[in-house]
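Colleague: I've just opened this one and want a quick tour. Can you walk me through it?

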Amino acid sequence: MAHRRCLQSLVRHATALISLKKPPTLSTFEPLTSTPNPAVTAPNLEPTWFTTWSHFRHFSSSKSDDSENEEEVEESSDGEAEEDDEAAADLGRDYSPEEKEAEAAAIGYKVVGPLQRSDRVFKDYEPVFAVVQIGSHQFKVSNGDSIFTERLKFCEVNDKLILNKVLLLGSPTQTVIGRPILPDAAVHAVVEEHALDAKVIIFKKKRRKNYRRTKGHRQELTKLRITDIQGIEKPEIKTDGKPLKAAIKEPEKVATTA
Amino acid sequence: MIRVRPASLHKPFSSSFNIAVSFTVRVSASKMALRGVWQLKKLIVSYCDWGGSSRGIRAFMETELPTFKEKNPQLEVVTELIRGQHPHLKGFYKNKNERVVCVKNLTTEDILLHATRLRNALGRKVVKLKTRHVTKHPSVQGTWTTDVKF
């Protein structure tokens, strides 16, 4: 919170400085003015330079970009009130669908819906990988992998998810690097398990003070199975011997049973 | 391929071979792990109709259990009366593991939470995870070594 306050005051200073020159155009770029010494940089800023920079720094998909800006604006207007709201929401635990979606988007996923029996999402391995961010962890995943993340809220076991914070895509022939995110790439996953991790013992002790505290903790985890990676062209699989075999075997079976 | 030995080995050789083939195909489609297949097969809710520690579970069976059953049609829920014992939930998994949770003196919500946890689990043994990323194909573009020159 201290950081935020500091940034806020900086932003205020900067806007005060800038508002002497061109208030309406620059107000939307508040987050970008958090340079260490705004007094030096602010005077020689021109609106055109700003716009090019903001365009060049492709932070994320347009949606989350907007939300970030909104947040900043809100904060600069009344920081204290927003804090209170957050605390109330944490206590109440009542989320509307929009809030759920927003929180999920902040973590980096989107719930699509339950997996149906008819869905054929589990495919054979493709030589493609992606680096995807969930919360504050990054995973290098490819098709068929399973990853353990911190417990994801608002999703049930057997839900399909779309992980949209893709940082990098790669295949044997090419690599696509996001700056820092590839907006039109997506990784599809299925929730397999909500489980507790093994117990961790927290042991506190002070020497010569007759003080010992033992506490157990079990972290909640979510197991995801990656089903698909989209946004990169997939090379043809050379070793398709196995599926062929299965395809040959199946008709044989049908013939004998019939 | 996963080799599965059919139970009916006493049948003539040709037919048993056919059964083996069909079985392998089905198993490779569901791939053993969850992949859309619920792992909890059976849930036993054991309670006492007299004891004070079963007060919560008796309320649970009246209020929450019917909806829980309805929401999980894949699951076989059995209630069991054991007098003079503390109540517990017992889950039987597809991998032949079983897990028992004691629910004595718990409230309805807590018992529902434990039941849902049993349902959401895969039934594997609880071990400290070596890695949070499990893959069969660790590298797509080739493992880096000190000899690699770009």
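**Strands, patches and bridges**

Colleague: Where in chain A is A:Ile202 found?

Modeller: A:Ile202 belongs to chain A, and its place there is a strand (a DSSP run of E, at least two residues; helices are H or I, at least four; both numbered from the N terminus). This is a predicted model, where local features need pLDDT of at least 70, side-chain atom pairs need 80 or more, and totals for chains, interfaces and linings use all residues. Residues count from 1 along each chain as written, chains are lettered from A and ligands numbered from 1 in written order, and side-chain values use heavy atoms, without hydrogens or water. The strand that holds A:Ile202 is E9.

Colleague: How far apart are the C-alpha atoms of A:Ile202 and A:Lys215?

Modeller: A:Lys215 sits in strand E10 of chain A, while A:Ile202 is in E9. Along the chain they are 13 residues apart. In space, their C-alpha atoms are separated by 5.0 Å.

Colleague: Is A:Lys215 buried or exposed?

Modeller: The cut-offs are under 20% relative accessible area for buried and over 50% for exposed, with partly exposed in between (1.4 Å probe, protein chains only). A:Ile202, at 34%, counts as partly exposed. A:Lys215 has 58% relative accessibility, so it counts as exposed.

Colleague: Which elements give two or more residues to the positive patch?

Modeller: A patch takes residues with over 30% relative accessible area (Shrake-Rupley, 1.4 Å probe) and no salt bridge, joining like charges within 9 Å or nonpolar side chains (Val, Leu, Ile, Met, Phe, Trp, Tyr) within 5 Å. Lys and Arg are positive, Asp and Glu negative, with His and chain ends left out, and each charge is placed at NZ of Lys, CZ of Arg, CG of Asp or CD of Glu. The positive one on chain A gathers A:Lys204, A:Lys206, A:Arg213 and A:Lys215. The elements that give it two or more residues are E9 (200-206) and E10 (211-217).

Colleague: And the negative patch: which residues form it?

Modeller: One of its members is A:Glu98, in helix H7 (residues 97-107) of chain A. A:Glu98 is exposed, at 60% relative accessible area. The full set is A:Asp94, A:Glu98, A:Glu99 and A:Glu101.

Colleague: What's the area of the nonpolar patch made by B:Trp144, B:Val148 and B:Phe150?

Modeller: B:Trp144 lies in the segment after strand E5 (133-134) of chain B. With a relative accessible area of 56%, B:Trp144 is exposed. Together with B:Val148 and B:Phe150, B:Trp144 makes a patch of about 430 Å².

Colleague: How many residues apart are A:Glu192 and A:Lys223?

Modeller: Their side chains form a salt bridge (Lys or Arg nitrogen within 4 Å of an Asp or Glu carboxyl oxygen), with the closest N and O atoms 3.6 Å apart. The bridge links distant parts of the chain, with A:Glu192 in E8 (residues 186-196) and A:Lys223 in E11 (residues 220-230). Both count as buried, A:Glu192 at 1% and A:Lys223 at 10%. Along the chain, the pair is 31 residues apart.

Colleague: Which residue of chain B does the side chain of A:Glu193 meet in a salt bridge?

Modeller: The bridge is 3.4 Å from N to O, and it crosses between chains, from strand E8 of chain A to the loop between H4 (108-120) and E5 of chain B. A:Glu193 is buried at 3%, whereas its partner is partly exposed at 26%. That partner is B:Arg124.

Colleague: How far apart are the closest N and O atoms of B:Arg83 and B:Asp49?

Modeller: These two form a salt bridge within chain B, joining the loop between E2 (76-81) and E3 (88-93) to the loop between E1 (40-47) and H2, 34 residues apart. B:Arg83 is exposed at 56%, and B:Asp49 is partly exposed at 39%. Their closest N and O atoms are separated by 3.0 Å.

Colleague: What arc do the buried residues of H2(B) fall within?

Modeller: In H2 (residues 55-63) of chain B, the buried ones are B:Gly56, B:Ile57, B:Phe60 and B:Met61. They line one face of the helix, because their directions from the helix axis to the C-beta atoms share one arc. On the other side, B:Arg55 and B:Glu62 are exposed. The arc that holds the buried residues is 135°.

Colleague: Last one: what share of chain B counts as buried?

Modeller: Chain B has four helices and five strands, running α-β-α-α-β-β-β-α-β from the N terminus. Of its 150 residues, the buried share is 32%.
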